[in-house]
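Work through the exercises below with the structure open. Each task is followed by a solution in steps.

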Amino acid sequence: MERTFEATLVEQCAPTLEGIKPASLFRWQGGCAQALVSRWAGELAPFGIAVRILKVCPRTGACLIYLYRRAWLHRILRQPANQAFLRRMGYTSQADGEMLLEQLSDRLCLEQEFPHEIGVFLGYPLEDVVGFIRNGGRNYTCSGCWKAYGDPTAAQRRFEEYRQSTVRCKERFLQGVEIPELISA
C-alpha cells in the first residue's frame with residue numbers, strides 16, 4: 001500500500017473505522033498534516049468520528065494523529081474507575097472528554113516521560129494500562145496491539161479481531177473503496 005495519509009489512516013485505524021475500537025493513534029511525517037487532518041475531520045464528523053493532531057515533533061515535523069469515536073471515548077472517560085485513575089495521574093477531575101484530550105496532548109508535548117495512561121484514551125482495558133505502568137512494561141500475560149496484564153485469552157481474541165479488521169479494510173481500500181464507505185456504525 002502506498003504511504004499516503006489516507007492509506008496510513010486505513011492501515012492504522014481500521015478497527016476504529018469499523019466500530020470495534022474507540023480510538024487509534026498513528027504517526028504521520030508526510031507534510032500537510034494540518035490540512036489533511038482538517039479535511040478528514042470534516043469528512044468523518046458526520047459519522048461521529050473525530051481526528052486531531054495530539055503532538056508535533058518540532059525537530060522532524062512528525063505528528064501523532066489521533067482518530068476517535070467521540071461518543072464512545074467520552075463514555076470511557078466518564079467511567080468512574082477511569083476518572084479516578086486519570087485523577088491519580090494528574091488530570092483535572094471535572095474535565096470533559098475534549099479537555100482531557102487537551103491535557104493528554106500537553107503531556108505528550110511537555111513531559112519527558114511518555115504518558116502511558118494514553119492506553120485509556122485508546123480503549124485498552126484499565127487493568128492493562130495500570131499493569132503496564134506498575135510493571136514498567138514487564139511481567140505481562142501476553143502482548144499484541146498492547147501488553148495485556150489480565151486474561152490473555154480475551155486479549156488475544158481482541159488482537160485477532162483488530163488484525164482481521166485491518167486486513168479487511170486494507171483490502172477494500174486497495175480495491176477502491178473510499179474511507180467513508182469503510183465506516184461501520
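**Exercise 1.** In this predicted model, the side chains of Glu98 and Arg52 meet in a salt bridge, with N to O at 3.2 Å. Place the two partners in the chain and state how accessible each one is.

Solution.
- Step 1. Glu98 belongs to helix 5 (residues 97-110) and Arg52 to strand 2 (residues 49-56); the pair links distant parts of the chain, 46 residues apart.
- Step 2. Glu98 has a relative accessible area of 23%, so Glu98 is partly exposed.
- Step 3. Arg52 has a relative accessible area of 15%; buried means under 20%, so Arg52 is buried.

**Exercise 2.** Find where the salt bridge between Arg163 and Glu160 lies, and classify the exposure of both residues.

Solution.
- Step 1. The closest N and O atoms of Arg163 and Glu160 are 2.7 Å apart.
- Step 2. Both residues lie in helix 8 (residues 152-174), three residues apart, which means about one helical turn between them.
- Step 3. Arg163, at 46% relative accessibility, is partly exposed, and Glu160, at 30%, is partly exposed.
- Step 4. Elsewhere, salt bridges with shared partners join Arg52, Arg70, Glu98 and Glu102 into one network.

**Exercise 3.** The whole structure contains seven aromatic pairs. Decide whether the rings of Tyr124 and Trp146 are stacked, tilted or edge-to-face.

Solution.
- Step 1. The ring centres of Tyr124 and Trp146 are 4.4 Å apart and the planes are at 25°; planes under 30 degrees apart count as stacked, so this pair is stacked.
- Step 2. Tyr124 sits in the loop between helix 6 (118-121) and helix 7 (126-135), and Trp146 in the loop between strand 4 (142-143) and strand 5 (147-148), so the pair ties together parts 22 residues apart in sequence.
- Step 3. Trp146 is buried, at 7% relative accessible area.
- Step 4. Tyr124 and Trp146 form one aromatic cluster with Phe159 and Tyr162.

How values were computed
Residues are numbered from 1 along each chain as its sequence is written. This is a predicted model: local features need pLDDT of at least 70, side-chain atom pairs count only at pLDDT 80 or more; totals for chains, interfaces and linings use all residues. Side-chain values use heavy atoms; hydrogens and water are left out. Rings of Phe, Tyr and Trp (its six-membered ring) pair if their centres lie within 6.5 Å; planes under 30 degrees apart count as stacked, over 60 as edge-to-face and the rest as tilted. Helices (H or I, at least four residues) and strands (E, at least two) are DSSP runs, numbered from the N terminus. Buried means under 20% relative accessible area, exposed over 50%, partly exposed in between (1.4 Å probe, protein chains only). A salt bridge is a side-chain nitrogen of Lys or Arg within 4 Å of a carboxyl oxygen of Asp or Glu.
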